[in-house]
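Welcome! Take a moment to look at the sequence and turn the model around before you read on.

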Amino acid sequence: MLYAYTLLFIGAALMEVMGMIPQEMKSAGITIEALFSKYFGDEDMHFIYYHIRRTTLITILHCCIPLLYCLGLNWVEPDLSEFIPVELVWLLVIVSVVMALIGCALGYWWHRNKWANHPIAVSLASYNQSWRDVAANINLEYRRIEKFVNNLGCNTVIVTESWIIKTGVHTVSVGHQRSSHLVVSKTEEHHLSMEGPTTSQYLTILVNCVDSSSFSIRLNALQYGELKEKLQAPLREARGVIIRQSLGDQFIVAFEKQVEQNGYYDLPSSSPQPESCIGCLQVMSDVKLCKMCADDTDGECRQCFCRPMWCLSCMAKWFASRQDQRRPEEWLMGVAPCPMCRSQFCALDVLRVRTSNNVQA
Ligand SMILES: [Zn+2]
Ligand SMILES: [Zn+2]
Ligand SMILES: [Zn+2]
């Protein structure tokens, strides 16, 4: 019982400290953020103050974890001295109490002078301005919709008009776009599946800041293009680093290969000739959705009666956008609604249009 409790507690404590909270607990609202949301305030309105309060409370609570363990131990095994020497128990209790006190003292110290001693405030103060002015500027930009936000594990990367921000469990790092430069320093490949169209690539990007301490961010290569769009700070790739085609682009290639195998839809000569694709207006529409994957009444796909209005690459992008973005390996097996009539279709139901003109050609 004692060992089971200890193992379980250490496992849970490690997950909490490293921010690896299971999705089920997050959706059930059993996280520190959800439980103390009233105290933390509104992240959208007061971003910096929210994270100052959040990191302070989390640091204090994490310092109290050993004390919680001791209290639980007393409850699980009231007669501890049978298992562990009394001196050791006392040592454990003293260390736990000291750690909890250190956590509280730290929280109190940070809170003094209206949070001016908090590490976030200290790092904002390095911008030669009052940290409150810097915080107000970040809060203002965070409220706008046009920002890059990417969540990976326990870290969130935010890029606003002038700031690059990374929030973690205990820390928040901030760099000003004007005085930072970024370097893609490392890539990792994660093979998700043997048959899937893709593997995922993750990028580690160093944010070198002149005014404040540098930090690194990590993101899926899929988001790289979007990040570059929002970035004004210079960004380069370290020598030897090769960023693969984004997952979206790789998916389009795989989708098009599938469509090539599906065969053709012969446009009846009586129907109007295809016009330009309504997705991109760049090329002629050249695909038609026809239920091919099963008999008319079988399966979840439905027959679509829309005339060809989309090009293959726009259809592939539409299809990809309707899939679970976390599971690119399953995209090709997925279904999506027709962009016009909402009839469900799969990758097998997309046919290239053949008009009587290009049959002759
Ligand atoms: Zn198009
Ligand atoms: Zn349709
Ligand atoms: Zn289908």
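This report looks at two metal sites, then at the domains and one helix.

The model is predicted, so local features need pLDDT of at least 70 and side-chain atom pairs count only at pLDDT 80 or more, while totals for chains, interfaces and linings use all residues. Residues are numbered from 1 along each chain as its sequence is written, chains are lettered from A and ligands numbered from 1 in the order in which they are written, and side-chain values use heavy atoms, with hydrogens and water left out.

**Two zinc sites**

Donors here are N, O and S atoms within 2.8 Å of the metal (3.2 Å for Na, K and Ca); water is not among the atoms, so sites may look incomplete. Four donors count as tetrahedral if all angles lie between 85 and 135 degrees.

| Zinc ion | Protein donors | Distance | Angles |
|---|---|---|---|
| ligand 3 | Cys293 (SG), Cys301 (SG), Cys346 (SG), Asp349 (OD) | 2.0 to 2.3 Å | 97 to 125° |
| ligand 2 | Cys304 (SG), Cys306 (SG), Cys338 (SG), Cys341 (SG) | 2.2 to 2.4 Å | 101 to 120° |

The site of the zinc ion (ligand 3) is tetrahedral, and its donors follow the spacing C-x7-C-x44-C-x2-D along the chain. Cysteine 293 sits in the loop between β10 (287-289) and α12 (312-321) and cysteine 346 in strand β12 (residues 344-346), so this pair ties together parts 53 residues apart in sequence. Helices (H or I, at least four residues) and strands (E, at least two) are DSSP runs, numbered from the N terminus. Buried means under 20% relative accessible area, exposed over 50%, and partly exposed in between (1.4 Å probe, protein chains only). Cysteine 346 is buried at 10%, whereas cysteine 293 is partly exposed at 31%.

The arrangement around the zinc ion (ligand 2) is tetrahedral as well, with the spacing C-x1-C-x31-C-x2-C. Cysteine 306 is buried, with a relative accessible area of 16%, and cysteine 341 is partly exposed at 34%.

**Domains and a helix**

Domain bounds come from an automatic or database domain assignment. That assignment gives domain 1 (2-121), domain 2 (144-244) and domain 3 (248-360).

Which residues of α1 are buried? They are Leu2, Tyr5, Thr6 and Ala13. These cover an arc of only 95° around the axis (taken from the directions from the helix axis to the C-beta atoms), which puts them on the same side of α1. The face turned away from that buried side carries the exposed residues Tyr3, Leu7 and Leu8.

Conventions
Tetrahedral: all angles 85-135°; square planar, octahedral: opposite > 155°, others 65-115°.
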